[in-house]
Amino acid sequence: MAATSATFRWDEKEREGSISLSEVISALSFAVELTDGTVSGHALRSCLLGMRIAEEAGISAEERSSLYYALLLKDIGNEEMVGLRCDRGGNIVSKLGMGDHAAEAVRNLEEHWDGSGYPNHIRGAAIPRLARIAAIAQHLDMFSIGRNPEIAIETLGEWSGSWFDPDLVKVALSLDREDKLWTNCRATDSHEQTRQAVLDLDPRRSQPLDEEQIDRVCEAFAEVVDAKSNFTFRHSMGVAELARGIAQNLGLAPDRVRLVWRAALLHDLGKLSISNKILDKRTKLTVAEWKVIRRHPGLTRKILEQIGPFREIAIVAGEHHEKLDGSGYPNHLTACDLSIESRIIAVADVYGALSEDRPYREGLSYGEILPILNSLSGPKLDRECIQALLVYLRDYRPQDIDPEVDADGQLSRYCA
Ligand SMILES: [Fe+2]
Ligand SMILES: [Fe+2]
């Protein structure tokens, strides 16, 4: 059986491993590419194709570094709102400090050489060069349907001068002729091979992320998850703040608090692969739709597990819908499987979710949430974690607390 948070032990060597930005991004960015548990790998292949064209076109190393991150992050955001997609990808890129060039490339990805693109109908050399390269790379992968490059190459030539920059098209075509374009992007190449080839190209491979930078990457991805649906706006950030408050109140060591913070930020990452038609549905979900929803914690774990040093975060985050009595999902784990870190996030998630608006109901008030927490405390949710949450709310969010409920003695019952 797979490890649970309570049984997980680090292999010391593994724990020491450093993390590069590309490792985190390449793992997290295909959260948006996951459908039915398989990864399309589009971002990775676009990255390889674009970087080869850029090198051949004589683009400077510094600009290539921007292009690298732009290509990996270009599709982040809501696929169903393509117009917004450009902006969101761009924002993430600049937030992670990957330079304005990268953000600019993502924002201008859908512009066409002849001015017929969007959002600003700019044309020719006015379109940033990295965006022109990224557009070609994206096209090549999307049109090599079934990983057959012929159609992609043919259409690239056809649309040279209308959609694409003719000089860059020439570069791509000559790389294709010399058989230097498609290495690790073919149907016969495994996902792992492709990912490894991308990691090998990482311009910052020798600069592992420090702890603060890792936090920032987790925060940026929490924003991506939250932005997917209007109803989960700030959910991940909110849950992370509550979870950190609980962890600190329980006296966890600083490195454990940090683990809780990161796992809480990323707990709903698997939701990126669920359609908004289901997430935003105002009426009752069908059995089939529930099945899809119930897959998200497992996907969260699967995505995060690809980052070696995130293995424990992956397990903790993947358990956020488990309940102490085995009634949770996806694995019906019970109290002995669930670590304190995972129990903390489960409590923070329930409080966060109840306090937020949902498509089918408005957010509940503190006075309405308390009796619900009360009924879950013990059999399903950890009593001490709930107590620590209420102390946190009393000390740091007095504005959220309804004084009448307090006067009722419900809070003092927990905080006594
Ligand atoms: Fe969830
Ligand atoms: Fe959640």
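**Two iron ions sharing one aspartate**

The protein has 22 helices and two strands. The model is a predicted one. Of its 416 residues, 55% count as buried. As for how the chain packs against itself, take the contacts between residues at least 6 apart in sequence: 68% of these join residues at least 24 apart. On the outside, the protein exposes about 18,100 Å², with carbon and sulfur atoms supplying 50% of that area.

Now to the metals. The iron ion (ligand 1) picks up its donors from Asp268 (OD), His296 (NE2), His320 (NE2) and His321 (NE2), at 2.2 Å. Read along the sequence, these donor residues are spaced D-x27-H-x23-H-H. Two of them, His296 and His320, tie together distant parts of the chain: His296 sits in helix α16 (residues 296-304), while His320 lies in the loop between α17 (311-318) and α18 (340-355), 24 residues apart. Both of these histidines are tucked away from solvent. His296 counts as buried because its relative accessibility is 1%, under the 20% cut-off; His320, with a relative accessible area of 1%, is buried too. As for geometry, the four donor atoms around the iron ion (ligand 1) subtend angles of 84 to 171°, so the arrangement comes out as irregular. A tetrahedral label would need all angles to lie between 85 and 135 degrees.

The iron ion (ligand 2) has its own set of donors: His235 (NE2), His267 (NE2), Asp268 (OD) and Asp349 (OD), at 2.2 to 2.3 Å. Here the spacing along the chain reads H-x31-H-D-x80-D. Once again a pair of donors links distant parts of the chain, with His267 in the loop between α13 (254-266) and α14 (276-279) and Asp349 in helix α18, 82 residues apart. His267 counts as buried because its relative accessibility is 0%, and Asp349 is likewise buried, at 5%. The four donor atoms around the iron ion (ligand 2) subtend angles of 81 to 170°, which makes this arrangement irregular.

What bridges the iron ion (ligand 1) and the iron ion (ligand 2)? That residue is Asp268, and the two ions lie 3.5 Å apart. Asp268 therefore turns up in both donor lists, as a bridging residue would: with His296, His320 and His321 at the iron ion (ligand 1), and with His235, His267 and Asp349 at the iron ion (ligand 2).

Conventions:
Residues are numbered from 1 along each chain as its sequence is written. Chains are lettered from A and ligands numbered from 1 in the order in which they are written. This is a predicted model: local features need pLDDT of at least 70, side-chain atom pairs count only at pLDDT 80 or more; totals for chains, interfaces and linings use all residues. Side-chain values use heavy atoms; hydrogens and water are left out. Donors are N, O and S atoms within 2.8 Å of the metal (3.2 Å for Na, K and Ca); water is not among the atoms, so sites may look incomplete. Four donors count as tetrahedral if all angles lie between 85 and 135 degrees; four count as square planar and six as octahedral if opposite donors are over 155 degrees apart and all others between 65 and 115; anything else is irregular. Helices (H or I, at least four residues) and strands (E, at least two) are DSSP runs, numbered from the N terminus. Buried means under 20% relative accessible area, exposed over 50%, partly exposed in between (1.4 Å probe, protein chains only). Contact means heavy atoms within 4.5 Å. Accessible areas come from the Shrake-Rupley method with a 1.4 Å probe; for residues, only the protein chains shown count as cover.
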